[in-house]
Amino acid sequence: MLFLVISTPRPERPSELASRRQSFWPWIARYEASGACRHVYARAGRGAVAILDVESNEALHRILNEWADIIPAHFDTYPLLDVDAAKQMLAAQMTQLP
């Protein structure tokens with residue numbers, strides 16, 4: 001299951017969380033190595049954006065809770081479709097038209 005996750009950290013001063021923010025990158029690198037995180041980018045200013053590929057909502061929940069323990073944040077989470085799957089669905093819809 002693919003998800004786009006956009007984090008918006010709480011409005012504390014960035015300098016107050018500097019040491020915790022540094023621990024984010026080694027933490028997310030473990031998920032990149034396992035394939036659970038396909039891509040991650042820092043947002044300009046504050047926050048991050050990640051594409052997560054997890055096997056269940058529970059796995060997503062675990063990752064987001066770990067993330068929030070490192071950097072308290074609000075998460076906008078969007079389910080995604082793989083491009084090939086989206087194309088197949090569209091092709092199937094086209095064959096069903098009268």
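How many helices and how many strands are there in the protein chain? There are three helices and four strands, and this is a predicted model, so to speak, seen here in a handful of close-ups.

**View 1. The whole chain, end to end.** Reading from the N terminus, the elements come as β-α-β-β-α-β-α. The radius of gyration is 17 Å, well over the 13 Å that the globule rule gives for 98 residues, so the protein chain is more spread out than a compact globule. Fit a box along the principal axes and the C-alpha trace spans about 60 × 25 × 20 Å.

**View 2. The open sheet.** Here are the four strands, lined up in the order β2-β3-β1-β4 with antiparallel pairing. Why do β2 and β4 each have one side without a neighbour in the sheet? Both stand at the edges and have a single partner strand each, so one side of each is left open in that sense. Ignoring direction, neighbouring strands are turned against each other by 15 degrees on average.

**View 3. The β2–β3 hairpin.** Strand β2 covers residues 37-42 and strand β3 covers residues 48-53; five bridges hold this antiparallel pair on the books. For a spot check on the register, look for V40, which stands opposite A50 in β3. Five residues sit between the two strands, and in this hairpin G45 takes a positive phi near 95 degrees.

**View 4. β1 and the strands beside it.** Strand β1 (residues 2-9) is joined to β4 by eight bridges, and the two run antiparallel. β4 itself covers 73-80. Two rungs are easy to pick out: T8 has H74 of β4 as its bridge partner, while S7 has F75 of β4. Turn to β3 and there are six bridges to β1, again with the strands running antiparallel.

**View 5. Zooming in on L4.** This residue lies in strand β1. Which residue of β3 stands opposite L4? That would be I51. L4 and I51 are 47 residues apart in sequence, yet the C-alpha to C-alpha separation is 4.7 Å. Leaving aside neighbours within four places in sequence, L4 is in contact with V49, A50, I51, D76, T77, Y78 and L80.

**View 6. Helix α1 against helix α2.** Packed helix pairs are described by the angle between their axes and the distance between the axes. Helix α1 spans residues 18-34 and helix α2 spans residues 57-70; their axes come within 9 Å and cross at roughly 160 degrees. That angle makes α1 roughly antiparallel to α2. The crossing of α1 and α2 is right-handed. On the α1 side, the contact is made by R20, S23, F24, W27 and Y31, and α2 brings R62, I63, E66, W67, D69 and I70. Sort the residues of this contact by type and you get six nonpolar, one polar and four charged.

**View 7. The helices on the sheet.** Which strands does each helix lie across? α1 lies across β2 and β3, running at about 155 degrees to β2. α2 lies across β1, β3 and β4, and runs at about 20 degrees to β1.

How values were computed
Residues are numbered from 1 along each chain as its sequence is written. This is a predicted model: local features need pLDDT of at least 70, side-chain atom pairs count only at pLDDT 80 or more; totals for chains, interfaces and linings use all residues. Side-chain values use heavy atoms; hydrogens and water are left out. Two strands pair if DSSP finds at least two bridges between them. Axes are lines fitted to C-alpha atoms, for helices over the stretch in contact, and angles run from 0 to 180 degrees between N-to-C directions. Angles under 35 degrees count as roughly parallel, over 145 as roughly antiparallel, 65 to 115 as roughly perpendicular and the rest as oblique. A crossing is left-handed if the near helix is turned anticlockwise from the far one by less than a right angle, and right-handed if clockwise. Contact means heavy atoms within 4.5 Å. Ala, Val, Leu, Ile, Met, Phe, Trp, Tyr, Cys and Pro count as nonpolar, Asp, Glu, Lys and Arg as charged, and the others, Gly among them, as polar. The radius of gyration is taken over C-alpha atoms; the globule rule is 2.2 Å times the number of residues to the power 0.38.
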